[in-house]
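Biologist: I have the structure open and would like to talk through some helix packing and charged pairs. Can we begin with the terms?

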Amino acid sequence: MKDHLHTLLIGLLVTIIVLSAGYWFFSTYELKAHEEQIGAQGEAAHNPLYYSRLFLKRMGIPTESKTQLTLPDLKTVVVLDSERYVLSHDKVRELWHWVEQGGHLVTRLRNRNTSNDKEDYEKESEDSTTSDKTDSVDAKTDAQKSSQSHDLLQELLKVQGGIYHSLNTDELPLKAQLPNHHKSLEVDFDLFRAIKSTEHAWALNSPKGDYWLVHKIQGKGAVTLVSEFDFANNSSLGNEDNAEFFWSLLHTHYTPEQVWIISDQDFPSLLTLLWNYAYLVLFSFGALLVLIAWAWMPRFGALIPLPPPTRRRIVEHLKASSRFQWFQQPQGRNTIIEQLRRDTLHLAQKQLPQWLYLNETERLQMLGQALQLDLATTHYLFQAPELKESELVRLTQLNQYWRQAPHAQSIP
């Protein structure tokens, strides 16, 4: 009983300690959510006008994002967010003809090369303010000349790019009054490149007096050229009246039935370039691979049956050795000929008892009678320094005759 009571008291004490610690922890600390900036994901990561597309769709206008410039019907507004470096002159003239027929193009001014040039220009401008006035004007003029680009679309519009302007805090936001809008809109647009234009339907300027938006009528259509699309990008669309300004800008010429936003035109993928310009090379390379594979492919046609394995005879080895000596060895021919002559004379001496009593001419005449050879031929076979293959065969036949002819003793 005592042990049971002791265990109960220990368990009760542990429970009180655990509950007290839990109460202290939850009353002291609080669970809070922590937000972490991970950046844009999916299409928003590479399309700066992604939120603008969603905004226009929510407002009831079908809007699509394109990566290649194709021309829609005349009731569709084309927003071309591109430097137009990869557009050929034929493509630009086709786009210009589409505008003349009644299309509305909204695009931006070509910058130097990249957005980093803005920061470089600002730095150069800040450095130039420390020098005298003449040097500053010359530096701006040189920077302006170096930044001019040969853009066919801007040449057709008769516009040029000026210098970059950075507005102060007291000059922001910009006041923009569109012709089709009943009130002035405030646009958050602090850094822009000036647009030089003398012929336009209407334009918007900054407190510094330079244009940052120009609207031109061309034929039945129109072109709206802005310095930048910074007011409509993903990070600025919700600031001030940027969204309303972008909406009204697309309605300046007519009420669009559809909007196409074309971006990523400056850097097409490698596969796209290969498909557009190197398809013949790719097709030839593929055909070459197919032909190489066809040449290396095993053929499954009729097979010549192999003879059953048999043991080679000694005569086959002798033939192979003789042919090797005759054709491959430098002194092989002479060795075979001299050995064959010596062996033939030795056989004839054994077959003819009167051999020792005969002179050389009689011996040669008696050797040739076996195969009906004249004396000159026999003399040539045994005395010539070299023999042809046919003559070697004749000498071999003579050797075989005396080797297998026991009746040679009866020859007179």
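Modeller: Buried means under 20% relative accessible area, exposed means over 50%, and partly exposed is in between, with a 1.4 Å probe and protein chains only. This is a predicted model, where local features need pLDDT of at least 70, side-chain atom pairs count only at pLDDT 80 or more, and totals for chains, interfaces and linings use all residues. Residues are numbered from 1 along each chain as its sequence is written, and side-chain values use heavy atoms, with hydrogens and water left out.

Biologist: Fine. How many salt bridges in the whole structure?

Modeller: The search finds nine. A salt bridge here is a side-chain nitrogen of Lys or Arg within 4 Å of a carboxyl oxygen of Asp or Glu.

Biologist: What about K175 and E186, how far apart are N and O?

Modeller: In that salt bridge, N to O is 2.6 Å. K175 sits in strand β5 (residues 174-176) and E186 in strand β6 (residues 185-187), 11 residues apart. Strands are DSSP runs of E, at least two residues, and helices are runs of H or I, at least four, both numbered from the N terminus.

Biologist: Are K175 and E186 buried or exposed?

Modeller: K175 is exposed, at 52% relative accessible area. E186 has 27%, so it counts as partly exposed.

Biologist: And D81 with R108, buried or exposed?

Modeller: Both are buried. Their side chains form a salt bridge with N to O at 2.5 Å. D81 is in the loop between β2 (76-80) and α3 (89-100), while R108 belongs to strand β3 (residues 104-108), 27 residues apart.

Biologist: Which residues are in the network with them?

Modeller: D81, E83 and R108 are linked in a network of salt bridges.

Biologist: Switching to helices. What's the angle between α10 and α11?

Modeller: About 125°, with the axes of α10 (residues 314-327) and α11 (residues 332-351) 6 Å apart. Axes are lines fitted to C-alpha atoms, for helices over the stretch in contact, and angles run from 0 to 180 degrees between N-to-C directions. The two helices are therefore oblique to each other; under 35 degrees is roughly parallel, over 145 roughly antiparallel, 65 to 115 roughly perpendicular, and the rest oblique.

Biologist: Which residues make the contact?

Modeller: From α10, S322, Q325, W326 and F327; from α11, G332, R333, I336 and I337. Contact means heavy atoms within 4.5 Å.

Biologist: Where are the partners in the D343 and R403 pair?

Modeller: D343 lies in helix α11 and R403 in helix α14 (residues 389-403), so the pair ties together parts 60 residues apart in sequence. Their closest N and O atoms are 2.6 Å apart.
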